[in-house]
Amino acid sequence: TRQHERQMYDSQRAAFVALLRQHLAEQRVPFKKMPQLGYKQLDFYHLFCEVHARGGFAAVVRNVGTWAQIWKRLHNYDTSITDSSFRLKKNYERFLLPLELAAIADGTAATHALLAALGVRLHHQHPAAAA
């Protein structure tokens, strides 16, 4: 049912955010609250999944227009926000890219199992070349 799917998504999102907060704390990256875009909280879990559905950070940066496509799929999409692609990329670089890089570099079965349980499939391209 739709309610069950929503509960599952909310559970996966909460687990992802907990993993993200833990990783950022270990890296000493300040993270107090979720950034807002379109007057709503940016859903980092949805953003991370959308980026990886398109091949990961490097592929998204390489393919012009992909950030705009991702923005249109997020729940806070708003046509009046003209710098959304720039802001999505910057938020991803600051908060999510460190987790992506660590997960790819780590390569442990535990990391990949955790992300797979959250519905995230990592693409193993190194994003440094795209930045």
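Lys40 lies in strand 2, which covers residues 40–41. The model is predicted. Lys40 is partly exposed, because its relative accessible area is 40%, a value between the 20% and 50% cut-offs. The protein chain around Lys40 has six helices and two strands. The points below start at Lys40, then turn to the chain, its helices and its loops.

**Around Lys40**
- Leaving aside neighbours within four places in sequence, Lys40 is in contact with Pro35, His75 and Asn76.
- Lys40 and Tyr77 are 37 residues apart along the chain. Their C-alpha atoms are separated by 9.3 Å.

**The chain as a whole**
- The order of elements along the sequence is α-β-β-α-α-α-α-α.
- The protein chain has 131 residues, and 44% of them count as buried.
- Its accessible surface comes to about 7,700 Å². Carbon and sulfur atoms account for 53% of that surface.
- Take the contacts between residues at least 6 apart in sequence: 64% of them join residues at least 24 apart.

**Helix 2 and its ends**
- Helix 2 spans residues 44–53.
- Nine of its 10 residues are buried, so helix 2 is largely enclosed by the rest of the structure.
- The buried residues of helix 2 are Phe44, Tyr45, His46, Leu47, Phe48, Cys49, Glu50, Val51 and His52.
- Asp43 caps the N-terminal end of helix 2. One of its side-chain oxygens lies 3.2 Å from the backbone nitrogen of Tyr45.
- Gly55 follows helix 2 and has a positive phi, near 105°.

**Where helix 1 meets helix 2**
- Helix 1 runs over residues 2–26.
- The axes of helix 1 and helix 2 come within 9 Å and cross at roughly 90°. The two helices are therefore roughly perpendicular to each other.
- Helix 1 brings Tyr9, Gln12, Arg13, Phe16 and Leu20 to this meeting. Helix 2 brings Phe44, Tyr45, His46 and Phe48.

**Aromatic rings**
- A pair of aromatic rings is described by the distance of the centres and the angle of the planes.
- The count here comes to 11 aromatic pairs.
- Ring pairs link Tyr9, Phe16, Tyr45, Phe48, Phe57, Trp67 and Tyr92 into a cluster.
- Tyr9 and Phe16 of that cluster are among the helix 1 residues that meet helix 2. Tyr45 and Phe48, also in the cluster, are among the helix 2 residues at that meeting.

**His23 in helix 1**
- His23 is found in helix 1.
- His23 counts as buried because its relative accessibility is 10%, under the 20% cut-off.
- The side chain of His23 reaches the backbone oxygen of Pro98 at 3.3 Å.
- Not counting residues up to four places away in sequence, His23 touches Pro98, Leu99 and Ala102.

**Positive phi in the loops**
- Most residues other than glycine have a negative phi.
- Arg28 is not a glycine, yet it has a positive phi of about 60°.
- Arg28 is found in the loop between helix 1 and strand 1. It counts as exposed because its relative accessibility is 75%, over the 50% cut-off.
- Tyr39 also has a positive phi, near 60°, in a residue other than glycine.
- Tyr39 lies in the loop between strand 1 and strand 2. Tyr39 is exposed, with a relative accessible area of 75%.

Methods. Residues are numbered from 1 along each chain as its sequence is written. This is a predicted model: local features need pLDDT of at least 70, side-chain atom pairs count only at pLDDT 80 or more; totals for chains, interfaces and linings use all residues. Side-chain values use heavy atoms; hydrogens and water are left out. Helices (H or I, at least four residues) and strands (E, at least two) are DSSP runs, numbered from the N terminus. Buried means under 20% relative accessible area, exposed over 50%, partly exposed in between (1.4 Å probe, protein chains only). A polar contact is a pair of N or O atoms within 3.5 Å; within protein, one must be able to donate a hydrogen and the other to accept it, and residues adjacent in sequence count only if both atoms are side-chain atoms. Contact means heavy atoms within 4.5 Å. Rings of Phe, Tyr and Trp (its six-membered ring) pair if their centres lie within 6.5 Å; planes under 30 degrees apart count as stacked, over 60 as edge-to-face and the rest as tilted. Accessible areas come from the Shrake-Rupley method with a 1.4 Å probe; for residues, only the protein chains shown count as cover. Axes are lines fitted to C-alpha atoms, for helices over the stretch in contact, and angles run from 0 to 180 degrees between N-to-C directions. Angles under 35 degrees count as roughly parallel, over 145 as roughly antiparallel, 65 to 115 as roughly perpendicular and the rest as oblique.
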